[in-house]
Amino acid sequence: MTVEAAAAGTADTAPGTPVLEVDGLSAFYGHVRALFDVSFTVAPGASVALVGANGAGKSTVARVVTGLVPAGGGTVRIDGADVTGHPPWDIARRGVTHVTEGRSVFSSLTVEENLVLTFRAELGAAAVPAALERVFGTFPRLGERRGQSAGTLSGGEQRMLALARALGAPQRLLVVDELSFGLAPVIVEQVYAALDDVRADGCALLLIEQHVDRALRAADHVVVLRKGAVVAAGTPAELSASLDELVLGPGPAEAG
Amino acid sequence: MSLVTARGISKAFGGIDALVNLDLDVEAGEAVGIAGPNGAGKTTLFNCLLGLVEPDAGTVELDGRRIDRLPTWRRSRLGIGRTFQRLALFEGMTVAEHLLVAEQARRGGISFVRDLVERSEPRPSELERVDATLELLGLTDLADRPVEGLSLGHARLVELGRALMGPPRLLMLDEPSSGLDAAETARLAAILTDLRHRSGTAIVLVEHDLQLVEAVVDRLYVLDFGQLLAVGTVRDVLADERVRQAYLGTDR
Amino acid sequence: MTELLSYAIPGIPFGCVFALMAIGLVLTYTTSGVFNLAFGAQAFVSGLAFVSLIADGWPRWAAAVLAIVVLGPAVGLALDRLLFRRVRTASPVVKLVPSLGLLIALPQLALIIAGSVPTIAPPALFLNAQHVYLHVDGVPVSGLELSIMLATAVVVAALLLLARLTPFGLRMRAVVESPRLVELSGINASRVGATAWVISSCFAGLAGVLLAPLYSQIDPQNYTVLLVWGIAAAVIARFESVPLALIGSLALGVGQQVLAGYLPPGVIASGLRPSLPFLVLLVFLPFGRRNRIEDPLAGCDPPPSTLVEDARRYRPASTLAVDGGRATQVVGVWHRALRAGSSESLAARALRRPTSVVAWTLAGLAVLSALTWVSADWLLTMTQGLAFGTVFVSLTLLTGMSGQISLCQAAFAGVGGFAAGQLATQMGWPVLVAGVAGGAAAALLGVIVALPTLRLAGLPLALATLAFALLADNVLFPVSWLGDGASGVRIPRPSVGPVRFTASRPFFLLALVLLAVSAGVVKRIGDGTTGRYLAAMRGSETAASSVGIDVHRLRIGVFAISAGIAGVGGALYGSLQGSLVPNDFNYQVSLVLLVVAAIVGLGSIGGAVVAGLVYTALQRAVATLPSRYAGLVAVLFGLATLSYTRHPEGIVDFLGGRFTELWGRLLAATRQAPRAGGAGVPGPGAEPEPAHGTVRP
């Protein structure tokens, strides 16, 4: 799979080295095998969507990539370096940001503290004010509530904050799980607009989206998972016709 | 007469208004949707109706009876069932037990003595109703599984089933489709419409998935900053200029 | 004014030491989510090391550095690595038990290593302890007092600067909620956590060293008291605010001295000062952080995933058994599958049958032995085990089934025993009737404890019950009409008509019957409608009330029944011993009871019975072994605490589950053998689908 991207790789990596390379990945949750031999790559600056039914293993892929869940086999490479088994903080320092599914903010910290925590660690203290400005520009609602503790935000606002933490400090790869989960449609559009800006800065995207149609519009490459294995990969144009069948499997659709 | 009449509900958390002087009416057997941007106060409204949060002002009537001073469990027994946006299942219990515990709690009280004297096996009638609800939701095969092993989609159905025992006259669903894929959402819509036809249960649905909303509800309330922005049929409300601005964005 | 000052100033050093303890508790609680009660023990270890080293001729500064800066953090880090790191995301019981276990075991281990308690008077950290350096309004301030105040001021100021001037403060608060989320921000969460552990362990160590000279000799008892005051201050600080912890501690330190100075002598008054922490806890706990903050990443794990793992780790009495190559989850003993005919429930039952056959056979053999060949003193131990088994059964109901942590179960048992004794000896009631009445008195007390704590759960509830146990120790037990102080209360052995239970074997049978009745009550409640309500309440109180369960009434009821059973157990124990003294059921017994119950198994009645036997066997070992081996019991206790973090379901359920699993594998293996018909496969429902797939360990 080769997805040519607008932005070039950073100076210290060979041109053409994918920002993320997943090879033969498997994963287990206890006794349950969640992933079977998953392989794909994300080129620098590319936008890849992972689609599949619930339980297909999309979130698990994201979690193994960022080190939250240990790989049961296979390798994960970031900019050519093998990071399999590395702790999440090490992978994050290599420029990978992960917006996890659900409410992923620190409820006891204020909105601003949530942002400062991440920005300071990823960008350094000097760059924090600029990053804050940028994020409050994208999400004025968060600016209004900057001093409020994140736990008192509504579910959707917390989601917004989680995205803001990632969008303010984008680097090499941004992994977004269940992007539109709990967000009002107008906010979803804002978020996609913000993702476009991030891409323009040369950051690659790995999107996991419940609304497949919307994800296809934002991605230039699609990887379809079913029951923990890759069943198809290609451009949205190539796949959109057969997508339903690929996602749900042949024959009558089994929900759940 | 309305099944639910809420008048002037207001609630603030730490100086931030979650609900401002809100009125809500639900007729018996009616399905009402509540939509609105994030933070508009939708979940708070549910909590106020069921008594999990005490509103700063306002009254709630169920069938003409004031219930806003009653504890949550009393309101539940009067016929209000709800699901939670963040799953709140009972760890360690099976799917069928979730439904049974709700059935028994809504219909009977707590009696340690009865347990000691007569072992209090579930009555056949109770088990029948549990089975019927499992059947309705397509959970029969999973009846004796502990909920820990379920997928999110099934877990949401267990919450729905638990809310359906009793059965309730008013069913409040808090973003039941979040985390479900398209096929599961379609099945949920079918279940809800089927439910209304069969039992005439009134439904209040908080939901972002507009397809689901359109498929299920008769009237839609749109909230913004805790205030009512618009109310009417789904089509009318979605055509409303202010609603489009605040909620949908203009390109839809 | 001078009189007030003369009481208040000696209170300040106490307040400072409480503050160091409270700040340590707050720091670790906010960073690791563990309320580390073992700080009481760590403080003792450092204090003991400091005094011992000086007794060995070390210079004061070197002893201080070693005890506070080296030993304190070393012990703290070791505990974090070995224990606490594993339980961060666990349920409140699983978090609490290891720290309680260490609180009990660690001082004993330290005493073994130190060899003996140094006989010298503990010196101040610096300055001359006895010398008066200044006067405040005519009240002298000694070097001891001055050194404590100065040392506390310096370290607290340093901590506040660290939090203000570096990103450390913010990171610490973030780690509390979700280490995984912190790591996703590129921050090494374990380093942040470890730093907090080091700092708070230093604080605990310093508290230990500073506390030592306030007493004439170093004694673990004083450090448990210190811990209790520290807990009270941490509660005032709502578990999160370092400045509030400091202010609260000083207020408590000064308050207790002033109270002691002004109150008239008397039983109630002398009980009031030690129960001040109780009053503080009761007043301030409801203002604590209402919402338990959950790790957001724990909640969004995908359903088919870690839940299985969680079930294995956190849920009592659940077992993954393998039947015919197919994984079957055997749900906890309280939950039978509703449909008796379903293949799932039949498979589970068939799998579990051999385990229960073995368990019942062992129990039967034990009873037979007790009635025939067992020697008199071992029979006594076994009977004591049955009496304590009754108390443990009450914990199974309250903590295991209902999820309510109780650290005052010994107080319930004590009140039951004392009331029974008073009724039997003073009023001349028949002993059995008095025992039942004692149970009723304890049940009433259970209601009294339940009412003010209705809104508390998890750690705050545990601390409130601990506070109640302290109040019982200091106020209820000393009064003449109940515990009657150190002299205790006599409880004769009962007789019913011609049947006398004075001999040891009849009494053993009586104890067995009472235990069986208690266990039957708990089992029936667990199996029935109420058991499902309790399980629902344990799962989510919000959801339980949303389906129509009156959670408050349920809690009051379950506290009453549990306390009543504990009370009967206490009366039974007292009657066996002939008399009861308050120390039989003081608050430390409550702590040990919960730890033993959790380690052995809170999830089943079998676990409670075994816990009773283990508890009395341990006591016997401590009492009869030569003193240099008594420490072995503490070592064992510590090791069991270590194992608990791996198997929170308890030893009994773990072994039972393992046995069931092995049996399932054996079945699977015979099923897969080519011999058709599956010879030797017993039980109905042992004919599920043919076996496929492999069994993963």
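**Exercise 1. How many residue pairs are in polar contact between chain C and chain B, with both residues at pLDDT 80 or more?** Then work out what the chain C side of this interface is made of.

*Solution.* Keep in mind that we're working with a predicted model.

- Start with the count: 8 residue pairs make polar contacts between chain C and chain B, both partners being at pLDDT 80 or more.
- Next, see which helices take part. On chain C, at least two residues each come from α14 (306–314), α20 (504–527), α21 (529–539), α22 (541–546) and α23 (551–577).
- Of the contributors to this side, α21(C) gives the most, with 9 residues.
- Sort that side of chain C by class and you get 19 nonpolar, 14 polar and 10 charged residues.
- Now look for salt bridges across the interface of chain C and chain B: the rule finds 0.
- Finish with the extent. Here 43 residues of chain C are in contact with 50 residues of chain B, and the buried area comes to about 4,000 Å², with carbon and sulfur atoms giving 60% of that.

**Exercise 2. Describe how α16(C) packs on α21(C).**

*Solution.*

- Take the geometry to begin with: α16 (residues 376–401) of chain C meets α21(C) at an angle of about 50°, and the axes are 9 Å apart.
- Now name the arrangement. Angles under 35 degrees would be roughly parallel and 65 to 115 roughly perpendicular, so this pair counts as oblique.
- Then pick out the residues: C:Leu397, C:Gly400 and C:Met401 sit on the α16(C) side, facing C:Leu534, C:Ala535 and C:Arg538 of α21(C).
- By class, the contact holds 4 nonpolar, 1 polar and 1 charged residues.

**Exercise 3. Which parts of chain A does the salt bridge of A:Asp79 with A:Arg172 tie together?**

*Solution.*

- For context, the structure has 25 salt bridges over all chains.
- In this one, the closest N and O atoms of A:Asp79 and A:Arg172 are 2.8 Å apart, inside the 4 Å cut-off.
- Place both ends: A:Asp79 is in the loop between β4 (73–78) and β5 (81–82), while A:Arg172 is in the loop between α6 (155–167) and β7 (173–176), so the pair links parts 93 residues apart in sequence.

**Exercise 4. Track down two backbone oddities, at B:Pro167 and A:Asp37.**

*Solution.*

- Check omega at B:Pro167: the peptide bond leading from B:Gly166 is cis, with omega near -20°. B:Pro167 belongs to the loop between α6 (152–164) and β7 (170–174) of chain B.
- Check phi at A:Asp37: the value is positive, about 50°, though this residue isn't a glycine. A:Asp37 is part of strand β2 (residues 32–42) of chain A.

Note on methods: Residues numbered from 1 in each chain as written. Chains lettered and ligands numbered in written order. Predicted model: local features only at pLDDT ≥ 70, side-chain atom pairs only at ≥ 80, totals over all residues. Heavy atoms only, no water. Contact = heavy atoms within 4.5 Å. Buried area = accessible area lost by both parts, 1.4 Å probe. Salt bridge = Lys/Arg side-chain N within 4 Å of Asp/Glu carboxyl O. Polar contact = N/O pair within 3.5 Å; in protein donor to acceptor, adjacent residues only side chain to side chain. Helix = DSSP H or I, 4+ residues; strand = E, 2+ residues; numbered from the N terminus. Nonpolar A, V, L, I, M, F, W, Y, C, P; charged D, E, K, R; others polar. Axes fitted to C-alpha atoms, helices over the stretch in contact; angles between N-to-C directions. Parallel < 35°, antiparallel > 145°, perpendicular 65-115°, else oblique.
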